[in-house]
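Please open the model in the viewer and keep the sequence panel visible. The tour below proceeds by selections, each followed by a description of what is found there.

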Amino acid sequence: MFQHWKTIAGISATMIAVHIINLFTGGYLSHFGIEPRQIGDAYAIATAPFIHSDVAHLGSNLAAFVVLGSLVLLQGLRYFMKASAVIILLGGGLVWLLGRPGDHIGASGWIFGLWSLVIALAWFERSPRNIAIALAVVFFYGGMVFGVLPTQDYVSFESHLFGAIAGVFAEFTLTK
């Protein structure tokens, strides 16, 4: 269990450190966001989740990441790492392929992937623990479903939508 907290703390500390560096470089790291269909920027699929526009953006993503990441870690560290890789790469890849022009940054795609994965766990595995966790997540984070809709121009609903799809895909493939 201590290893799980170290993982969450390490990833969170990395996001905070990247944000501090981004502040001191005048936002230079924001250029490492996903720029759809730009061949030379495909590497940003892996870097974008660690870059945030401001402290509020970082804070809201960190709060959800700590909760949802911890719930996924109940399945084990290896499972969390594999699921996160699928969510980041598949979700980010879909944003790169199909997203609107502009820089897509932030961990929200990863968070939406973890959110949908926790719910999908209850569906695919149907254990009492996973069902109880999914019900709690739907109760406390059910409003996230509206995040997949294009409501604000500056919010990457594509990251939310494709992250959620990638989370279900990750659970489906990791369960088989």
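Is Ser108 buried or exposed? Select Ser108: this residue is buried, because its relative accessible area is 10%, where buried means under 20% relative accessible area, exposed over 50%, and partly exposed in between (1.4 Å probe, protein chains only). The model is a predicted one, in which local features need pLDDT of at least 70 and side-chain atom pairs count only at pLDDT 80 or more, while totals for chains, interfaces and linings use all residues. Residues are numbered from 1 along each chain as its sequence is written, and side-chain values use heavy atoms, with hydrogens and water left out.

**The surroundings of Ser108**

Display next Asn61, Ser159 and His160. Once neighbours within four places in sequence are set aside, Ser108 is in contact with these residues, Asn61, Ser159 and His160; contact means heavy atoms within 4.5 Å.

**Helix H5**

Ser108 lies in helix H5, so extend the selection to residues 108-125. Helices (H or I, at least four residues) and strands (E, at least two) are DSSP runs, numbered from the N terminus. From first C-alpha to last, the 18 residues of H5 reach 25 Å, close to the 26 Å expected at 1.5 Å a residue; the expected span is 1.5 Å times one less than the number of residues. H5 is mostly covered, with 14 of its 18 residues buried. Following H5 is Arg126, which has a positive phi near 55°.

**The nonpolar patch**

Now select Phe124, which is also found in H5. Phe124 counts as partly exposed because its relative accessibility is 34%. Add Trp123, Val168 and Phe172: together with Phe124 they form a nonpolar patch on the surface, with about 390 Å² of accessible area. Patches are made of residues with over 30% relative accessible area and no salt bridge; like charges are joined within 9 Å, and nonpolar side chains (Val, Leu, Ile, Met, Phe, Trp, Tyr) within 5 Å. A salt bridge is a side-chain nitrogen of Lys or Arg within 4 Å of a carboxyl oxygen of Asp or Glu. Accessible areas come from the Shrake-Rupley method with a 1.4 Å probe, and for residues only the protein chains shown count as cover. Helix H5 and helix H7 (157-175) each supply at least two residues of the patch.

**The whole chain**

Finally, clear the selection and view the chain, which has 7 helices and 0 strands. Buried residues make up 46% of its 176 residues. The C-alpha atoms fill a box of roughly 50 × 35 × 25 Å, taken along the principal axes.
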